[in-house]
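Subject: Structure for your review

Hello,

Here is the structure I said I would pass on. Please have a look at it before reading the notes below.

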Number of protein chains: 2
Amino acid sequence: MTGPLKVGIAGLGTVGSGVLKLLRDHNRELQERLGRQIVVTAISARSRSKDRGLDLSSYRWLETPAAVASSPDVDVFVELIGGENGAPKQAVETALRAGKPVVTANKALLAQHGVGLAALAERNNVALKFEAAVAGGIPVIKALRESLLSNRITRVSGILNGTCNYILSLMQSEGRAFAEVLAEAQRAGYAEADPTFDIGGFDTAHKLAILTSLAFGTEMSLKDVYIEGITGIQAADIEAAEDLGYRIKLLGVAQRTESGIEQRVHPTMVPKQSAIAAVNGVTNCVAIDTDYAGSLTLVGPGAGSKATASSVVSDIVDIARGDKSPAFVLPAAKLEPYRQAQLRAHEGGYYVRLSVFDKYGAFAKIATRMAEQKVSLDSIVQRRPRTGRPGRARSSPIDSGTPVPVIMITHDTTEAAIRTALERIEADGQIEGRPQMIRIESI
Amino acid sequence: MTGPLKVGIAGLGTVGSGVLKLLRDHNRELQERLGRQIVVTAISARSRSKDRGLDLSSYRWLETPAAVASSPDVDVFVELIGGENGAPKQAVETALRAGKPVVTANKALLAQHGVGLAALAERNNVALKFEAAVAGGIPVIKALRESLLSNRITRVSGILNGTCNYILSLMQSEGRAFAEVLAEAQRAGYAEADPTFDIGGFDTAHKLAILTSLAFGTEMSLKDVYIEGITGIQAADIEAAEDLGYRIKLLGVAQRTESGIEQRVHPTMVPKQSAIAAVNGVTNCVAIDTDYAGSLTLVGPGAGSKATASSVVSDIVDIARGDKSPAFVLPAAKLEPYRQAQLRAHEGGYYVRLSVFDKYGAFAKIATRMAEQKVSLDSIVQRRPRTGRPGRARSSPIDSGTPVPVIMITHDTTEAAIRTALERIEADGQIEGRPQMIRIESI
């Protein structure tokens, strides 16, 4: 049995408190399974007095993250503060320079500075680990770094943000409007007071950028992620998706194409029968498509104190067992430059919902615009809405000019073609408002 | 960069050929990612001349598995022969005694002799690894051994046999009978000429026994697995499940209870909305319930040359990186004796289908038998069958004595209670044939 592994933790929010509790609750089992004790020898956080449901008196308190990182009594530095710059970054660098392995849950830090930090870790021959930074308790980083190391990965996609999935699931199950469900999610603590980072797709984009680098052996490129949030999804889309055999999920998708890598975050229609469609509420899910291992789908809690703590501790366990392998599969110097595929070249099916003025010839004009761009249609549904103003819509006479919803599913086409077609349809003045367009993904 | 890792492979069937192809196809990437080359330095198999779609001339051929295991030119021994005794077991022991790590996909060997082999590996300070032995390409062994090491696991359950899932999926999607679908699966190569090992649940039991040991830190106990195969599942059950909001899957379930560990393999009703219900065809799925990481579900290919090869190579990768941790999480000597829970004490919901003679009072008698055992019913459906003899059934007058299907879903009760109730119902003579009973699992 080797001596104890001395851990220093900076940041005692939801995740940090969870890690302290887990290491306390399961201390004996961990030691038995690992053949080695894990001891927390130093902690730091913004507030010492905040009630965390934990007795901190037995831990040595230091004033700054950097003090924890450089403490001689710390073998492994655990950064759970969050934020891409400032104190957390400095402390991580301090630890790595001192030859100490680092565990972090900080997706912003990794998405912005991951490759530089990985290089620093390699120069000092220590590990930089971050299982908790993506998809909470789901061991997706380990799957990509270890289980699938011998595979060529073609696509990584997933539900990476619990808040968005909670909102979309509730819109789906209860047929309610986005704003109403968001307000409820905020009351329930599933959405922040300022929900932009989540519902705007930015949180998903950070996580996707990290997965991309791991999956494709490239440098990170958060700025090249195409991002579309869920604020534009209406109850009518959820309802139409259901009728057409789909569910709407906010997905992050990274895909290798001939012209480079696509990184996109957007609401996506997935087939109702797929495992990913069954992932509801705050649960996350990652699907990895490979050449040898086929398609793997991992489903689990995407956030929460306990699940995220479990991932942090799994990184500590790997370090205790001697893991020093490169952070992003390949050594940092061997990561290829990121080559961005043009989203206009993206190929796939599309869902389109238009509010068409009910006039003779309106639909023919729309169909013509689609045909001009060689967009062929798999299905077309023109119908009175089930929700909202049903009486009024139903009573409208034909050719009344009243807007009527028209829903189309296209066969595979390109983003350029569908966008051009929709721009022209809009310019023709046959529709009310803007067209709704949602990408379809086969998963 | 360390020197090359020299691998010897015994057994060149589906999996072994896949491993050779993977190591050949991805040699360069593997070396780049691992910082170390993997070289196959010796192979052996039953037939040298068999067409495997591979040129074997560049590999050194040895006559026996033991010769490969003991070859001085082999650092890692890979056993892909299968079978619980004889040559494969001897070769694995030879390698371990010589201080060589072993990778195997041999579930029978592990389920019978796993703990002894793990002890031998530990005495020689080398790894015994077997990702490919359970659920093909799904990295469930790694999840249990590494990602979830700090968790207390309460249940492991899953679809572990692709043949059974293929058959049940086809029965469900096409409304066809078991025998007919089995014959088709045999023609398509998804079922063996003698399908007993698969459809009888024995293959699932082997895999479950291995998962149990990993999840609960106990010695292996294949003989204590309760096994019920899928041969008794009728189209009427599949149809009733669908109507009631369930799907029928053959699950292996290992669960920690107050009285010990339950290991059971049986057809199971799972809620239609669950991720596991969406797992169709030959795909496998494992769900792990834990105290910290919550519930994780891993879905992927359960068999096949390429997916299984990917798992074998992931074990080789771990060995190349220095993994020597105990095979079953805990050191073999610390594994607890297996303590079997009594299945009669199992608690859960049950689906019951009876063919009741349509006579006044028949149903009252049945309800009384249930009540005597304190089995309360969640739902009862008495109806004419949609399939088979619809005309005849529909035309039967009330009190005709014609058997009519009655389907019941119970609230949570015990196995003892439901069994006693059904025995008495059968003894009362109110039903035709034997009662059908399927356990319900919330997943």
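The notes below cover the interface, the relation between the copies, and the sheets.

Please keep in mind that this is a predicted model.

Interface

Chain A and chain B each put 50 residues into the contact. Between the two chains about 4,400 Å² is buried, and carbon and sulfur atoms account for 55% of that area. On the side of chain B, the three residues that contribute more than any other three are B:Arg33, B:Leu149 and B:Tyr292, which together supply 19% of the area that chain B buries against chain A.

For polar interactions, the rule finds 26 residue pairs in polar contact across the interface of chain B and chain A, with both residues at pLDDT 80 or more. Five elements of chain B each supply at least two residues of the side that touches chain A: helix 1 (14-25), helix 2 (27-34), helix 6 (140-147), strand 11 (295-301) and helix 12 (305-320). By type, the residues on that side of chain B are 21 nonpolar, 15 polar and 14 charged.

The rule also finds 4 salt bridges across the interface of chain B and chain A. One of them joins B:Lys142 to A:Glu146, with the closest N and O atoms 2.5 Å apart.

Strand pairing also crosses between the chains. Strand 11 (residues 295-301) of chain A pairs with strand 11 of chain B in the antiparallel sense, over 3 bridges. Within this pairing, A:Thr297 has B:Val299 in strand 11 of chain B as its bridge partner.

Relation between the copies

How are the two chains related? Chain B superposes on chain A through a rotation of 180° with 0.0 Å of shift along the axis, at an RMSD of 0.0 Å. This is the relation of a two-fold axis. Of the interface residues of chain B, 100% are also interface residues in chain A, so the copies meet through the same surface.

Sheets within each chain

Chain B has an open sheet of 5 strands in the order 2-1-3-4-5, with parallel pairing. Its edge strands are strand 2 (38-44) and strand 5 (128-129) of chain B, each of which pairs on one side only. Strand 5 of chain B is joined to strand 4 (residues 102-104) of chain B by parallel pairing over 2 bridges. There, B:Val102 has B:Leu128 in strand 5 as its bridge partner.

In chain A, an open sheet of 5 strands likewise has the order 2-1-3-4-5 and parallel pairing. Strand 2 (38-44) and strand 5 (128-129) of chain A are the edge strands, each pairing on one side only. Elsewhere in chain A, strand 1 (residues 5-10) and strand 3 (residues 76-79) pair in the parallel sense over 4 bridges. A:Ile9 stands opposite A:Val78 in strand 3 of chain A.

Regards

Definitions and conventions: Residues are numbered from 1 along each chain as its sequence is written. Chains are lettered from A and ligands numbered from 1 in the order in which they are written. This is a predicted model: local features need pLDDT of at least 70, side-chain atom pairs count only at pLDDT 80 or more; totals for chains, interfaces and linings use all residues. Side-chain values use heavy atoms; hydrogens and water are left out. Contact means heavy atoms within 4.5 Å. Buried area is the accessible area (1.4 Å probe) that two parts lose on being put together, summed over both. A salt bridge is a side-chain nitrogen of Lys or Arg within 4 Å of a carboxyl oxygen of Asp or Glu. A polar contact is a pair of N or O atoms within 3.5 Å; within protein, one must be able to donate a hydrogen and the other to accept it, and residues adjacent in sequence count only if both atoms are side-chain atoms. Ala, Val, Leu, Ile, Met, Phe, Trp, Tyr, Cys and Pro count as nonpolar, Asp, Glu, Lys and Arg as charged, and the others, Gly among them, as polar. Two strands pair if DSSP finds at least two bridges between them. Copies are superposed by least squares on the C-alpha atoms of residues with pLDDT of at least 70 in both.
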